[in-house]
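Hi everyone, thanks for coming. I'd like to walk you through a structure that will be new to most of you, so let's put it up on the screen.

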Amino acid sequence: MAARVVITGMGIVSPIGIGISKFWEAALRGQSGITAIESFGDLPMEGYRSRIAGQIPHFQPPASGEDKFSYRVDRYAQMALMATREAIQDSKLCLEHERAERLGVMAGVGMGGMMMGERELTHLYEFHKPHRVHPNFIPTITLNSASGILAMAIGAKGPNLTISTACSSSIHAIGQAMQCIRQGQADMIIATGADASITPLVFAGFCALRALSTHYQDQPSLASRPFDRKRDGFVMGEGAGTVILESLQHATRRKARIYAEVVGYAATSEAYHMVVPKEDGLDIARTMALALKDAQLEAKQVDYVNAHATSTIVGDEVEVKALRAVFGPRINTLLINATKSLIGHTLGAAGAIATIATCLSLDKKVIHPTANYTDPDPNCALPGISSTIQKKSLRTALVNAFGFGSNNAVLVLKKFS
Amino acid sequence: MTPRLPSSNGLNQQIYATLGDYLRRDPTDLHPEDSLRDDLGLDSLQTIELVYEVESAFDIQIPDEDFGRLRTIGDVVIYLHERTHATHHDATPTQSSSKAKAYSASQSTVSKPRPRTKSAQP
């Protein structure tokens, strides 16, 4: 019989707070973490169509004396390390008492070490000195630098994978971690998602895609507004989220606190377009249905959906279409919110952060507001979306994540009983 | 045994400052006999990084075959004396490396965004 999998620890680095309690307090207030980008060095910001982001301006990795790992990796992996340390502390795991071979790491990363990547590229073209490329350049930009450094920092010798599926990366990381424990390949997996690529080139790239919000440069906190009529694109964010997944048997044996059970997961492709979802939403609906089937649950048993909802015009509408197809009349009693309304789209971190918000909602019986949902788009308006907190006893929840490259991922979480 | 180091206070100061900067240590805590691996704990990648910092600071290239000579702080000092006397009479950190560091901090150049016709909906 497949092992049951539970979440026993969480950690977060987000634009509205570093640490679970700060994040959650801010989330329940509906606080926005979107601010103006002051500058990219001496590059004129006027050249950028969008000039706002969900930033963490005061993020500081531990000093090198306290942490010999952080300074060797890029910002995104430093954030993953910080979130992971909090998650381990939260889980009360005594790593020295665990079998290292049964502890794995799965990381979801969209862009990776772009800060160093851009810096070294700039130097090379500016100074024409290939022998001055930094020796740590390759180990830093390699997409698995976060999963690698995490394993070294905590001594995890089990499966170690990085999944890069753009904005859905960390839902896949958590889903694959669940599969791994279900199949008995590990007792525990540190599942993390991280990205920190608000960098001159990457940001220009998203501007070039015409994907970012541009109408709220002077009022950044209003820019991320999923399901609202006046939404005009997503807001880029940065951050990291980590959850500790553990077999129920292992968690019970060590009397761990259990936030939620991970009961279902599905991964699909639309095989349609690199950056836009298919407008009928059928493949997204299929993914949700598959995840529920994996969980052996029916749509009518779901109470809450943490939506992908990036605040793009087409994306939000397609997701609502898919939700209607899956849930039918149940849609009218379903609670729905969008964590990206608070922190923007943190790309590879988004799924892990949404999972954390969902675990907290199951645990605390309350969901955070969808910020700026003040003028509902008739094509998206649903009774369960609100710009204020909603309190309700919740048993089952979905977490949606869809990514560039035409891929979809859905996770099913259940209150543990 | 403590190696005898060449005397050139200005150059030595620059060398120790560069090493201390990379090692995140006070230069006065570094000693010629300190082994890069055993005393300072540098692994192979960190040794390459240290050499990179030295190359950048003194605007020299250190060939692979010279790596084996650099086992202690004193080895690095002696090596740099040899190299800098061979190339410059008075080695100073170069303008280009300082400029590179300033440039690095600002992370500035990108190409201008080019509009596309189909907007993305991630």
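Let's start with one pair of residues: Ile189 of chain A has Leu245 of chain A, in strand S8(A), as its bridge partner. Keep in mind that what you're looking at is a predicted model.

That pair belongs to a bigger pattern. S7(A) and S8(A) run antiparallel and pair over eight bridges. On to S1(A): eight bridges join S1(A) to S8(A), again in the antiparallel sense. If you want a spot to look at there, Val13(A) sits opposite Ala240(A) of S8(A).

So how many residues of S8(A) are buried? Nine of its nine, so to speak a mostly covered strand. Gly239(A), Gly241(A), Val243(A), Leu245(A) and Ser247(A) point one way, while Ala240(A), Thr242(A), Ile244(A) and Glu246(A) point the other way, and all are buried.

Back to Ile189(A). Ignoring neighbours within four places in sequence, Ile189(A) touches Gly104(A), Val105(A), Met106(A), Ala177(A), Cys180(A), Ile181(A) and Leu245(A).

Now zoom out to the core. The largest nonpolar core has 138 residues, and those touching the most other members are Ala80(A), Leu150(A), Ile174(A), Ile189(A) and Leu245(A). So our opening pair shows up again. Helix H12 of chain A, residues 350-364, gives the largest share of this core, nine residues. And where does this core lie with respect to domain 1 and domain 2 of chain A? It lies between them, because both domain 1 (5-253) and domain 2 (264-414) give residues to it. Apart from that core there is another one, of 15 residues, including Leu50(B) and Val76(B).

About those domains: their C-alpha centres are 21 Å apart. The contact takes 60 residues from domain 1 of chain A and 54 residues from domain 2 of chain A. On the domain 1 side, elements giving two or more residues include S1(A), S7(A) and S8(A), but the largest share, eight residues, comes from H6(A). By class, that side has 29 nonpolar, 24 polar and seven charged residues.

One last stop: Leu394(A), in the loop between S13(A) and S14(A). Is Leu394(A) buried or exposed? It counts as buried, because it has 23 C-beta neighbours inside 10 Å. Leaving out neighbours within four places in sequence, the contacts of Leu394(A) are Asp303(A), Tyr304(A), Ser361(A), Leu362(A), Lys365(A) and Lys415(A).

Notes: Residues numbered from 1 in each chain as written. Chains lettered and ligands numbered in written order. Predicted model: local features only at pLDDT ≥ 70, side-chain atom pairs only at ≥ 80, totals over all residues. Domains from an automatic or database assignment. Contact = placed C-beta atoms within 7 Å. Helix = DSSP H or I, 4+ residues; strand = E, 2+ residues; numbered from the N terminus. Nonpolar A, V, L, I, M, F, W, Y, C, P; charged D, E, K, R; others polar. Core = buried A, V, L, I, M, F, W, Y, C linked by C-beta atoms within 7 Å. Buried ≥ 20, exposed ≤ 12 C-beta atoms within 10 Å, placed from the backbone. Pairing = 2+ DSSP bridges.
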